[in-house]
Amino acid sequence: MFEIKDGWLMGVEHCPSPHFNQRPSADDISLLVIHNISLPPGKFGSNHISQLFLGQLDPTDDPYFVDIYQLQVSAHCLVRRDGSIIQYVSFNDKAWHAGVSSYCGREKCNDFSIGIELEGTDSIPYTNIQYQQLVCLVKKLQEYYPLISHNHLVGHCDIAPGRKTDPGESFDWHYFKSLLNQSK
């Protein structure tokens with residue numbers, strides 16, 4: 001089981017990103033946003049995701065990177081295909097994961113959300129260990145940030161419709177929620 005200390009998940013890899021800032025209110029963390037990412041698209045297992053979130057992506061490594069290497073983006077955590085977790089930004093700080101977004105009439109979701117990336121794509125099924133780790137992570141986050149209820153777990157597609165599609169049709173919301181309910 002995970003432990004959180006000063007906004008950091010203990011027992012996982014920490015790769016502090018420069019792409020964050022302070023939240024307007026640390027007492028307002030009330031939303032969890034699930035994303036997916038793979039770099040290059042559809043390729044798994046490299047360090048390119050970390051390099052992007054750290055501002056160190058080399059545009060010569062892949063033609064796809066030429067258009068994205070200068071982006072200043074981050075997430076709080078990445079759950080890799082093998083279930084390992086990397087944390088980039090303290091949960092107490094604002095990661096730059098949601099972009100232009102709105103949830104229940106509130107703009108700027110980065111201000112009050114935690115962003116979790118799953119290594120994957122909209123169309124390739126996620127691994128069982130990713131779901132299991134995501135459930136453990138969500139349970140711990142709900143313990144530390146009780147405003148994140150089961151009703152406030154959304155996909156990037158839900159807060160940026162028409163602009164974003166992740167975590168995609170390959171994310172099994174029913175399975176995820178059933179695992180979450182079983183672990184109560």
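This tour moves through the structure from its sheet to its largest pocket and then to three loop residues. The model is predicted.

**The sheet**

Begin by selecting the strands of the open sheet. Six of them are arranged in the order β3-β7-β6-β11-β5-β12, and their pairing is mixed. At the edges are β3 and β12 (residues 153-155), each of which pairs on one side only. Strands of a sheet pair through backbone hydrogen bonds, in either a parallel or an antiparallel manner.

Next, select β11, residues 113-119. Seven of its seven residues are buried, so the strand is largely enclosed by the rest of the structure. In a regular strand, side chains alternate between the two faces of the sheet. Colour the two sides of β11 separately: Ser-113, Gly-115, Glu-117 and Glu-119 lie on one side, with Ile-114, Ile-116 and Leu-118 on the other, and all are buried.

Add the strands that pair with β11. Seven bridges join β5 to β11, and the two run parallel; in this pairing, Asn-36 stands opposite Leu-118 of β11. Three bridges link β6 to β11, again in a parallel arrangement. Here Cys-77 has Ile-116 in β11 as its bridge partner.

Now move to the edge strand β3. It is joined to β7 by two bridges, and these strands run parallel. Select Glu-13 to find Ile-86 of β7 opposite.

**The largest pocket**

Display the largest pocket, whose volume is about 540 Å³. Its lining comprises 28 residues, and those closest to the centre are Asn-36, Ile-37, Glu-117, Lys-164 and Asp-166. Two of these were visited above: Asn-36, opposite Leu-118, and Glu-117, buried on one side of β11.

Which elements give two or more residues to the lining? They are β5 (31-37) and α1 (48-53). The largest share, three residues, is that of β5. Coloured by character, the lining divides into eleven nonpolar, twelve polar and five charged residues.

**Arg-80**

Select Arg-80, in the loop between β6 (77-79) and β7 (85-87). Is this residue buried or exposed? Its relative accessible area is 11%, below the 20% cut-off, and Arg-80 is therefore buried. The Arg-80 side chain reaches the backbone oxygen of Ser-46 at 2.8 Å. Beyond residues up to four places away in sequence, Arg-80 touches Gly-45, Ser-46, Asn-47, Ile-86, Glu-119 and Gln-130. Two of these contacts lead back to the sheet: Ile-86 is the residue opposite Glu-13, and Glu-119 belongs to the buried strand β11.

**Ser-74**

Continue to Ser-74, found in the loop between α1 and β6. With a relative accessible area of 1%, Ser-74 is buried. Its side chain reaches the backbone oxygen of His-19 at 2.5 Å. Leaving aside neighbours within four places in sequence, the residues in contact with Ser-74 are Ser-17, His-19, Phe-53, Val-89, Ala-95, Trp-96 and His-97.

**Pro-16**

Finish at Pro-16, located in the loop between β3 (13-14) and β4 (20-22). Pro-16 has a relative accessibility of 56%, which is over 50%, and so counts as exposed. Not counting residues up to four places away in sequence, Pro-16 touches Trp-8, Leu-54, Gln-87 and Tyr-88. As a last step, draw the C-alpha to C-alpha distance from Pro-16 to Glu-3: the two are 18 Å apart in space and 13 residues apart in sequence.

Terms used:
Residues are numbered from 1 along each chain as its sequence is written. This is a predicted model: local features need pLDDT of at least 70, side-chain atom pairs count only at pLDDT 80 or more; totals for chains, interfaces and linings use all residues. Side-chain values use heavy atoms; hydrogens and water are left out. On a 1 Å grid over the protein atoms alone, a cavity is a set of points where a 1.4 Å probe fits but cannot get out, and a pocket is an open set with protein on both sides within 12 Å along at least five of seven lines; lining residues have an atom within 4 Å of a point. Grid points are joined across faces, edges and corners, and a volume is the space filled by probe spheres set on the points. Helices (H or I, at least four residues) and strands (E, at least two) are DSSP runs, numbered from the N terminus. Ala, Val, Leu, Ile, Met, Phe, Trp, Tyr, Cys and Pro count as nonpolar, Asp, Glu, Lys and Arg as charged, and the others, Gly among them, as polar. Buried means under 20% relative accessible area, exposed over 50%, partly exposed in between (1.4 Å probe, protein chains only). Contact means heavy atoms within 4.5 Å. A polar contact is a pair of N or O atoms within 3.5 Å; within protein, one must be able to donate a hydrogen and the other to accept it, and residues adjacent in sequence count only if both atoms are side-chain atoms. Two strands pair if DSSP finds at least two bridges between them.
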